[in-house]
Amino acid sequence: PPPFPETPKKKKKKKKPYLISGADDHTIKVWDYQTKSCVATMPGHSHHVVATCFHPKLPIILSGAEDGTVRIWHSTTYRLETTLNYGMERVWTLAVTPESNKVAVGYDEGTVVLQLGHERPVA
């Protein structure tokens, strides 16, 4: 027998055929691209939503808007988890990486890199 027990293989999660969009009506929409139907609409921003993304590992959706906020939503329930505002004017872009829980946010007045789980910027 092998000296160590075999590690059970993890089942791969079946990915849903979803994409997300942000719009001038201040909402984020989740779309099923196979059926071309809207799965969820998430209101909350007070201005145009210009950046959205699914996190590649965590069960969250991020959205950024011209109201200066980044909102974090649960990707299964579509409920708002938290709102971040660093007072740097409008959000223009969001970037995530599967290797870490860091999120980069591009604003009118600069860039903030934050570690999810902590509200303080790390860079």
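**Strands and contacts, one by one**

Student: With which side chain does the side chain of Thr27 make a polar contact?

Tutor: A polar contact here is a pair of N or O atoms within 3.5 Å, where one must be able to donate a hydrogen and the other to accept it; residues adjacent in sequence count only if both atoms are side-chain atoms. In this predicted model, the side chain of Thr27 makes such a contact at 2.6 Å, and the partner is the side chain of Asp25.

Student: What pLDDT do side-chain atom pairs need to count?

Tutor: Residues are numbered from 1 along each chain as its sequence is written, and side-chain values use heavy atoms, leaving out hydrogens and water. Totals for chains, interfaces and linings use all residues, local features need pLDDT of at least 70, and side-chain atom pairs count only at pLDDT 80 or more.

Student: Is Thr27 buried or exposed?

Tutor: Thr27 is found in strand β2 (residues 27–32), and beyond four places away in sequence it touches Ser21, Gly22, Thr41, Met42, Pro43 and Val49, contact meaning heavy atoms within 4.5 Å. Buried means under 20% relative accessible area, exposed over 50%, and partly exposed in between, with a 1.4 Å probe and protein chains only. Thr27 has a relative accessible area of 9%, so Thr27 is buried.

Student: How many strands does the protein chain have?

Tutor: Helices (H or I, at least four residues) and strands (E, at least two) are DSSP runs, numbered from the N terminus. Every element from the N terminus on is a β in the run β-β-β-β-β-β-β-β-β-β. The count is 0 helices, and the number of strands is 10.

Student: What is the order of the open sheet of 4 strands?

Tutor: Two strands pair if DSSP finds at least two bridges between them, and in this sheet the pairing is antiparallel. The edge strands, each pairing on one side only, are β4 (49–54) and β7 (80–85). β7 pairs with strand β6 (residues 69–74) over 5 bridges, and Trp73 stands opposite Leu80. The order is β4-β5-β6-β7.

Student: And which order does the open sheet of 3 strands have?

Tutor: Its edge strands are β8 (91–96) and β10 (110–115), each pairing on one side only. 5 bridges join β8 to the antiparallel β9 (residues 102–107), with Ala95 opposite Ala104. The order, with antiparallel pairing, is β8-β9-β10.

Student: What does the twist of that sheet average from one strand to the next?

Tutor: Axes are lines fitted to C-alpha atoms, for helices over the stretch in contact, and angles run from 0 to 180 degrees between N-to-C directions. For the sheet of β4-β5-β6-β7 the average is 15 degrees. For β8-β9-β10, the twist averages 20 degrees.

Student: Which residue forms a salt bridge with Asp108?

Tutor: A salt bridge is a side-chain nitrogen of Lys or Arg within 4 Å of a carboxyl oxygen of Asp or Glu, and the structure holds 1. Asp108 lies in the loop between β9 and β10, and its partner sits 18 residues away in the loop between β7 and β8. Asp108 counts as partly exposed at 36% relative accessibility, and its partner likewise at 34%. The closest N and O atoms are 2.7 Å apart, and the partner is Arg90.

Student: What share of the 123 residues counts as buried?

Tutor: The protein chain exposes about 8200 Å², with carbon and sulfur atoms supplying 53% of it; these areas come from the Shrake-Rupley method with a 1.4 Å probe, and for residues only the protein chains shown count as cover. The share of buried residues is 32%.
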